Amino acid sequence: MDDLRVIPRKMEPVSWPTMGLALLLPVPQSAQRKITVDSADHFAAYFGDMPMDAYNEYVNLCIAAGFDQDHSKGDTSYKAQNANGDKLNVSYEGFNTVSVSLYAAEKPAVSEAPAASEPAAQSSA
């Protein structure tokens, strides 16, 4: 059997983003964070100093924030969507570390309106 070990991540106090997808999430109590992605369509971060009870509390805050649709909850993971279709994954990674990923809802493809047909040129006789 392979010896699988999760190596603790280095984190430091980081301010919570003031724009973007992170605004849809509750701010974690722990200031020890590592934000790995912060874009218009994806937010990902790790939170340190979060034992299992703090993880469970954070999941409950995410549910209260509207991530309660099409959900799946396990002992160490929670996946759900909000009413807008944004997709959240929260996982307890061990070593008092929680990972969070939020993906923006896919926007429907915008189809171009058909070009208006131009009237046929009239010839004058």
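**From a loop residue to the nonpolar core**

Asn96 is located in the loop that runs between β6 and β7. In this predicted model, the phi angle of Asn96 is near 55°, a positive value in a residue that is not glycine. Asn96 counts as partly exposed because its relative accessible area, 34%, falls between the limits of 20% and 50%.

A second residue other than glycine with a positive phi is Asp70, where the angle is near 45°. Asp70 belongs to strand β4, which covers residues 69-73. With a relative accessible area of 64%, Asp70 is exposed, since the threshold for that class is over 50%.

The interior may be considered next. The largest nonpolar core comprises 22 residues, and Leu25 and Val90 have the most contacts inside it. At least two residues of this core come from each of β3 (42-47), α1 (52-64), β5 (77-81), β6 (87-94) and β7 (97-103). The greatest contribution is that of α1, which provides 5 residues.

The surroundings of Val90 can be followed in detail. Setting aside residues up to four places away in sequence, Val90 touches Tyr55, Tyr58, Val59 and Cys62, among others. The list of its contacts also includes Thr76, Ser77 and Tyr78, as well as Val98, Ser99 and Val100.

Ala45, a residue of strand β3, offers another view of the interior. Its relative accessible area is 1%, so Ala45 is buried, the limit being under 20%. Beyond its neighbours within four places in sequence, Ala45 is in contact with Lys34, Ile35 and Thr36, and also with Val98, Ser99 and Val100. Val98, Ser99 and Val100 thus appear among the contacts of Ala45 and among those of Val90. Between Ala45 and Ala22 the C-alpha to C-alpha distance is 9.6 Å, with a separation of 23 residues in sequence.

Strand β3 also takes part in the aromatic contacts, through Phe47. Across the whole structure, 4 aromatic pairs are found. One of them joins Trp16 and Phe47 in a tilted arrangement, with 5.9 Å from centre to centre and 55° between the planes. This pair connects distant parts of the chain, as Trp16 sits in the loop between β1 (12-13) and β2 (32-38), and Phe47 in strand β3, 31 residues apart. Trp16 and Phe47 are both buried. Ring pairs further join Trp16, Phe43, Phe47 and Tyr58 into a cluster. Tyr58 is also one of the residues that Val90 touches.

Definitions and conventions. Residues are numbered from 1 along each chain as its sequence is written. This is a predicted model: local features need pLDDT of at least 70, side-chain atom pairs count only at pLDDT 80 or more; totals for chains, interfaces and linings use all residues. Side-chain values use heavy atoms; hydrogens and water are left out. A nonpolar core is a set of buried Ala, Val, Leu, Ile, Met, Phe, Trp, Tyr and Cys residues joined through side-chain atoms within 4.5 Å. Buried means under 20% relative accessible area, exposed over 50%, partly exposed in between (1.4 Å probe, protein chains only). Helices (H or I, at least four residues) and strands (E, at least two) are DSSP runs, numbered from the N terminus. Contact means heavy atoms within 4.5 Å. Rings of Phe, Tyr and Trp (its six-membered ring) pair if their centres lie within 6.5 Å; planes under 30 degrees apart count as stacked, over 60 as edge-to-face and the rest as tilted.
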